[in-house]
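Here are a few exercises to help you find your way around a new structure. Have a go at each one before reading the solution.

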Amino acid sequence: MSGLEKSLFNLKFTAKQLNRQAVKAGRDEATEKNKLKKAIQQNHPDIAKIYAQNAIRKQNERLNLLRLGSRIDAVASRVQTAVTMRQVTGSMMGVVKGMDGAMKAMDLEKISAVMDKFETQFEDLDVATGYYENATSSATAVGTPQEDVDRLIGQVADEAGVELQAEMKAPESGLKNKAAANGEEEREEELGERLRA
C-alpha cells in the first residue's frame with residue numbers, strides 16, 4: 001500500500017470515528033434533555049439550568065463533529081480520486097506499451113493471408129456440414145412416412161390445445177424453400193468443385 005492509499009485509509013477511519021462520536025453526543029444530548037425535564041418537574045430551577053447548558057453543549061458538539069466528519073470525508077473523496085487516477089494512468093501506460101509492441105509485430109500481409117485461408121476453410125466446413133445434413137435429413141425422411149409425422153403433429157397440437165394454421169403455412173414456405181434450396185444447391189456445387197480442385 002502506497003503512502004497515498006494509507007492516507008486515504010486514515011482519512012476514512014477518522015471520518016467514521018467522528019460520525020460515531022457525533023452519534024454519541026446526540027445520545028448524550030437526549031439524556032441531558034431527559035434530566036432537564038425531570039429537574040423541571042421536580043421544581044429545581046438551578047439544576048435544570050445546568051442540564052440545559054449541558055444539552056446545548058452536547059448539541060453543539062454533535063454539530064461540530066458532523067461538520068468536521070463531512071470535511072474529512074470530502075478530503076478522503078478527493079484523495080480517492082487521486083488514487084484512482086494514478087491507477088488508471090498506470091494501466092493506460094501498460095496498455096499503450098502493449099499496443100506499441102503489438103503494432104510492431106503486425107504484418108498486414110500475413111494477417112490478410114490467414115484471414116483468407118480461414119474464410120475458405122470455413123466455407124469448406126459449411127459444404128461438408130450441408131452434405132451431412134442433407135444425407136441425414138433424406139435418410140430420416142425415407143425412414144419416417146410423412147403421414148405419420150403429420151398425424152403426430154396434429155395429435156400433439158390437439159393435446160396442447162393449439163390449432164394448426166393452414167398446415168403450418170406450408171404453401172407459402174414451400175415456394176420460399178424451393179427458391180432457397182436452388183440457391184443453396186448452386187453454392188454447394190461451387191464449393192464442392194473447389195474442394196475437388
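Three exercises with worked solutions follow. This is a predicted model, where local features need pLDDT of at least 70, side-chain atom pairs count only at pLDDT 80 or more, and totals for chains, interfaces and linings use all residues. Residues are numbered from 1 along each chain as its sequence is written, and side-chain values use heavy atoms, with hydrogens and water left out.

**Exercise 1.** Work out the secondary structure of the protein chain.

Start by counting: there are 5 helices and 0 strands (DSSP runs, H or I of at least four residues for helices and E of at least two for strands, numbered from the N terminus). Then read along the sequence, and you get α-α-α-α-α.

**Exercise 2.** Find how much of the protein chain is buried.

Buried means under 20% relative accessible area, exposed over 50%, and partly exposed in between (1.4 Å probe, protein chains only). Of the 197 residues, 13% are buried.

**Exercise 3.** Locate the nonpolar surface patch and say which helix gives the most to it.

First, list its members: M103, M106, L108, I111, M115, F118, F122 and L125. Patch residues have over 30% relative accessible area and no salt bridge (a side-chain nitrogen of Lys or Arg within 4 Å of a carboxyl oxygen of Asp or Glu), with nonpolar side chains (Val, Leu, Ile, Met, Phe, Trp, Tyr) joined within 5 Å and like charges within 9 Å. Next, look at the helices: α3 (residues 108-143) gives the most, with 6 residues. M103 sits in helix α2 (residues 45-105), and M103 counts as exposed because its relative accessibility is 55%.

Key: Areas by Shrake-Rupley, 256 points an atom, 1.4 Å probe, with all protein chains shown as cover.
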